[in-house]
Amino acid sequence: MASSGVNVLRYSALGLGVVYGFYHQRQIYASDRAAAAQREYEHKQQLIAQAKKAYAVKHKPAVTSSSASQDINSSSFDLESFIAQLDKA
């Protein structure tokens with residue numbers, strides 16, 4: 001028959017083991033939730049980057065070879081190419 005001191009020690013160890021197990025399990029769940037949130041955030045960032053690229057491709061302005069010379073206030077304005085561009089239209 002075990003003495004009462006040994007039984008107290010056994011049940012104390014059992015109680016501490018249960019408390020530690022509960023604490024450790026909460027830590028594992030918390031780290032899993034944080035990792036899942038990070039993965040979700042990175043996935044959303046990737047989707048946003050893809051959407052920005054698709055928007056940029058879709059709304060890309062048409063660039064002509066003489067578009068730089070179409071600005072009348074520009075120092076490289078070419079009147080002949082401007083008139084030729086107007087004749088095409």
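Start with the aromatic rings: select F77 and F82. In this predicted model, the count of aromatic pairs comes to one. F77 and F82 form that pair, with ring centres 5.6 Å apart and planes at 55° to each other. The pair counts as tilted, because stacked planes would be under 30 degrees apart and edge-to-face planes over 60.

Now colour the two residues by accessibility. Are these rings buried or exposed? F77 has a relative accessible area of 25% and is partly exposed. F82 is partly exposed as well, at 22%. Both classes follow from the cut-offs, since buried means under 20% and exposed means over 50%.

Next, select S81. This residue sits in helix α2, which covers residues 79-88. S81 counts as buried, with a relative accessibility of 18%; that value falls under the 20% limit, so the label applies. Show the side chain of S81 and the backbone of D78. A polar atom of the S81 side chain lies 3.0 Å from the backbone oxygen of D78.

Zoom out to the whole chain and switch to a cartoon view. How many helices and strands are there? The chain has two helices and zero strands. Of its 89 residues, 3% count as buried. Turn on the surface: the accessible area is about 8200 Å², and carbon and sulfur atoms account for 62% of it.

Move to helix α1, residues 4-58, and select K44 and E40. What joins their side chains? K44 and E40 meet in a salt bridge, with 3.4 Å from N to O. A search of the whole structure finds one salt bridge. The two residues are four apart in helix α1, so about one helical turn separates them. K44 is partly exposed, at 47% relative accessibility, and E40 is partly exposed too, at 46%. Each value lies between the 20% and 50% limits, which means neither residue counts as buried or as exposed.

The last stop is on the surface. Select Y11, L14 and V18, and keep the surface switched on. Together, Y11, L14 and V18 make a nonpolar patch of about 360 Å². Y11 belongs to helix α1. Why does Y11 count as exposed? Its relative accessibility is 61%, and the exposed class begins over 50%, so Y11 falls in that class.

To retrace the route, go back to the tilted pair of F77 and F82, then to S81 in helix α2, then to the salt bridge of K44 and E40, and end at the patch made by Y11, L14 and V18.

Note on methods:
Residues numbered from 1 in each chain as written. Predicted model: local features only at pLDDT ≥ 70, side-chain atom pairs only at ≥ 80, totals over all residues. Heavy atoms only, no water. Phe/Tyr/Trp six-rings, centres within 6.5 Å; stacked < 30°, edge-to-face > 60°. Buried < 20%, exposed > 50% of the residue type's maximum accessible area, 1.4 Å probe, protein only. Areas by Shrake-Rupley, 256 points an atom, 1.4 Å probe, with all protein chains shown as cover. Salt bridge = Lys/Arg side-chain N within 4 Å of Asp/Glu carboxyl O. Polar contact = N/O pair within 3.5 Å; in protein donor to acceptor, adjacent residues only side chain to side chain. Patch = residues over 30% accessible without salt bridge, like charges linked within 9 Å, V, L, I, M, F, W, Y side chains within 5 Å.
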